[in-house]
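Here is a short briefing on one protein and its ligand. Keep the sequence and the 3D view open as you read.

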Amino acid sequence: MLSDEKPSVCVLGLGYIGLPTAAVIARSGCKVLGVDVTDHVVDTINSGKIHIEEVDLDGLVQGVVSRGTLRASLMVEPADVFVIAVPTPFGDDHVPDTSYVMEAATNVAAALKPGDCVILESTSPVGTTEKMRDLIAKLRPDLKIPGMTKDIPDIAISYCPERVLPGKILEELTNNDRCIGGITPRCARKALGFYRRFVRGECVTTSARAAEMTKLVENSYRDVNIAFANELSIVADQMDLDVWEVIRLANRHPRVNILQPGPGVGGHCIAVDPWFIIHGAPEHTPLIRIAREVNDGKVGHVLEQASLMIDELPGVQVACFGLAFKANIDDFRESPALKIAAKLARRYPGRINIVEPYASELPAGFEGTDTKLIDIDEALESCPVMITLTDHDMFRSIPLDERSGKVVYDTRGIWPDQPDNLQAVTDLRLAS
Ligand SMILES: NC(=O)c1ccc[n+]([C@@H]2O[C@H](COP(=O)([O-])OP(=O)(O)OC[C@H]3O[C@@H](n4cnc5c(N)ncnc54)[C@H](O)[C@@H]3O)[C@@H](O)[C@H]2O)c1
């Protein structure tokens, strides 16, 4: 491939990261083959449709599939650039599971030819790209492998993490800065040339190991800082202080910027990636580990506080606002909101109602609890107790006069004007 020719690209893993990436590369004019192990994913994309929710992705995929620049398959085919975006979960004891990456790399190895570039995008423990390189070297002894030959290597292998925000993936895929780590500087330069075709943000090169660690550090930074806010919120509950007010006031200090507490940390990134660092250096990560424990422990604290409130008002209907792990998305993976709501539903059968505008039916976890999915109007009409678990804009915009007289536990601080519960609890008791 000459440098001004458009490379053919094969993207492995067509989920929240791989599919938008494949579509954006296809939009730049490259021929893209998307590979997934799931029939349904492949069939859906080939029919011009999508199997995940993401703003504007449906129109983009429909366009590139109908123009013939994107197609999907279960099988890897020869290409100039291979991008791997498969899952990297953790297993028992939070040990990172890179088996999906190694399986994808095995399939790529069979299709490699001199001149090709392999890029890992999955969030990975430090050293994974080198392990992938070692695997490819074993499977393809005919190729000169970067870092293992004195000659110019036949292929390039790099790591380039993704840092997009769900709901803004297409915008951020093109506009965010990218950190590109090569097994060698030459590998990084090859990948840089590729990303420059569709990324408008700055692309910075480094080593594969530094790029792997950078991604883990970004999410651990968020986790540790959220843990600080969550710990403050527990202390504030004990001292009968309004944590939101204290944080607002503290943040007036020019060099203080405390994040917002919540019911815990969920999703497949911030709650997972810190474990990859802890696993790599267990003796030297007490802070990161404790932060994880504080954030996981916040679920139990919210559950106990909510239960104390519900126990005070026997028989009263309760509305839990939100199941998603963060605002304005339909993703319930590892969601603390979902864990709390489901536990309350089991503890108080027939009394818990769920308001989740991003769900058309209740997800798993509420079986046998007589829990109903209701809309905001119905909750305001029929539920004297309201617990906010997710900060969807639709909840934030409920004005005080529609919330007046309600007993509220606001774990997200979305209703700062809500009066304390004393009067509402007294009124409810008198009415019952
Ligand atoms: N979702 C995010 O917001 C986000 C953000 C940054 C980084 N990441 C990272 O990106 C990676 C992918 O995450 P995701 O959210 O897109 O996951 P996902 O579960 O949405 O999608 C992964 C896809 O890979 C497919 N797959 C599994 N094994 C495969 C194989 N051997 N070959 C081809 N396809 C295979 C699965 O069927 C699935 O469709 C993970 O490492 C994740 O940590 C995700």
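According to the unreviewed UniProt entry, residues 319-417 carry the annotation "domain: UDP-glucose/GDP-mannose dehydrogenase C-terminal". This is a predicted model. In it, the end C-alpha atoms of residues 319-417 lie 19 Å apart. Helix makes up 27% of that span, and strand makes up 17%.

**The ligand and its shell**

- There are 23 residues around the ligand. Those that come nearest are Tyr16, Ile17, Asp36, Thr88 and Thr123.
- Which helix gives the most to the shell around the ligand? Helix α4 (residues 99-111) does, with 3 residues.
- The backbone of Ile17 has a polar atom 2.9 Å from an oxygen atom of the ligand.
- Thr123 also offers a polar backbone atom, and here the distance to a ligand oxygen is 3.0 Å.
- Thr38 uses its side chain: a polar atom there lies 3.2 Å from an oxygen atom of the ligand.
- Taken alone, the ligand exposes 830 Å², and the protein buries 88% of that.

**Ser124, in a loop**

- Find Ser124 in the loop between β5 (117-120) and α5 (128-139).
- Is Ser124 buried or exposed? Its relative accessibility is 0%, so Ser124 counts as buried.
- A polar side-chain atom of Ser124 lies 2.8 Å from the backbone oxygen of Ser122.
- Set aside neighbours within four places in sequence, and Ser124 is in contact with Thr88, Tyr159, Glu212, Leu216 and Phe276.
- Two of these names appear elsewhere in this briefing. Thr88 is among the residues that come nearest the ligand, and Phe276 is one of the buried residues of α10.

**Helix α10, largely enclosed**

- Helix α10 covers residues 273-280. Of its 8 residues, 6 are buried, so the helix is largely enclosed by the rest of the structure.
- The buried ones are Asp273, Pro274, Trp275, Phe276, Ile277 and Ile278.
- What do they pack against? Their partners are α8 (208-239) and α11 (286-311).

**Salt bridges**

- Side chains of opposite charge can pair when their charged atoms come close.
- How many salt bridges does the structure hold? It holds 17.
- One of them joins Asp134 to Arg133, with the closest N and O atoms 2.8 Å apart. Arg133 is buried, at 11% relative accessible area. Asp134 is partly exposed, at 37%.
- Another links Asp331 and Arg333, at 3.2 Å from N to O. Here Asp331 is buried, at 7% relative accessibility, whereas Arg333 is partly exposed, at 33%.
- Asp391 and Arg396 also form a salt bridge, with their closest N and O atoms 3.5 Å apart. Asp391 counts as buried because its relative accessibility is 17%, which falls under the 20% cut-off. Arg396, at 39%, counts as partly exposed.
- Salt bridges can also link up into a network, as they do for Asp80, Lys113 and Asp116.

**Far in sequence, together in space**

- Thr184 sits in the loop between β7 (178-182) and α7 (185-195).
- Thr184 and Pro146 are 38 residues apart in sequence. In space, their C-alpha atoms are 6.6 Å apart.
- Which residues does Thr184 touch, not counting those up to four places away in sequence? They are Pro146 and Gly147.

**Positive phi before α4**

- Most residues other than glycine have a negative phi. Two loop residues here have a positive one.
- Asp93 has a phi of about 55°, although it is not a glycine. Asp93 lies in the loop between β4 (81-84) and α4.
- Asp93 counts as exposed, because its relative accessibility is 73% and the cut-off is over 50%.
- His94 has a positive phi too, near 60°. The loop between β4 and α4 is also the place of His94.
- His94 is partly exposed, with a relative accessible area of 27%.

Key: Residues numbered from 1 in each chain as written. Predicted model: local features only at pLDDT ≥ 70, side-chain atom pairs only at ≥ 80, totals over all residues. Heavy atoms only, no water. UniProt positions renumbered as here; feature names shortened; annotations may be inferred. Helix = DSSP H or I, 4+ residues; strand = E, 2+ residues; numbered from the N terminus. Buried < 20%, exposed > 50% of the residue type's maximum accessible area, 1.4 Å probe, protein only. Contact = heavy atoms within 4.5 Å. Salt bridge = Lys/Arg side-chain N within 4 Å of Asp/Glu carboxyl O. Near = heavy atom within 4 Å. Polar contact = N/O pair within 3.5 Å; in protein donor to acceptor, adjacent residues only side chain to side chain. Areas by Shrake-Rupley, 256 points an atom, 1.4 Å probe, with all protein chains shown as cover.
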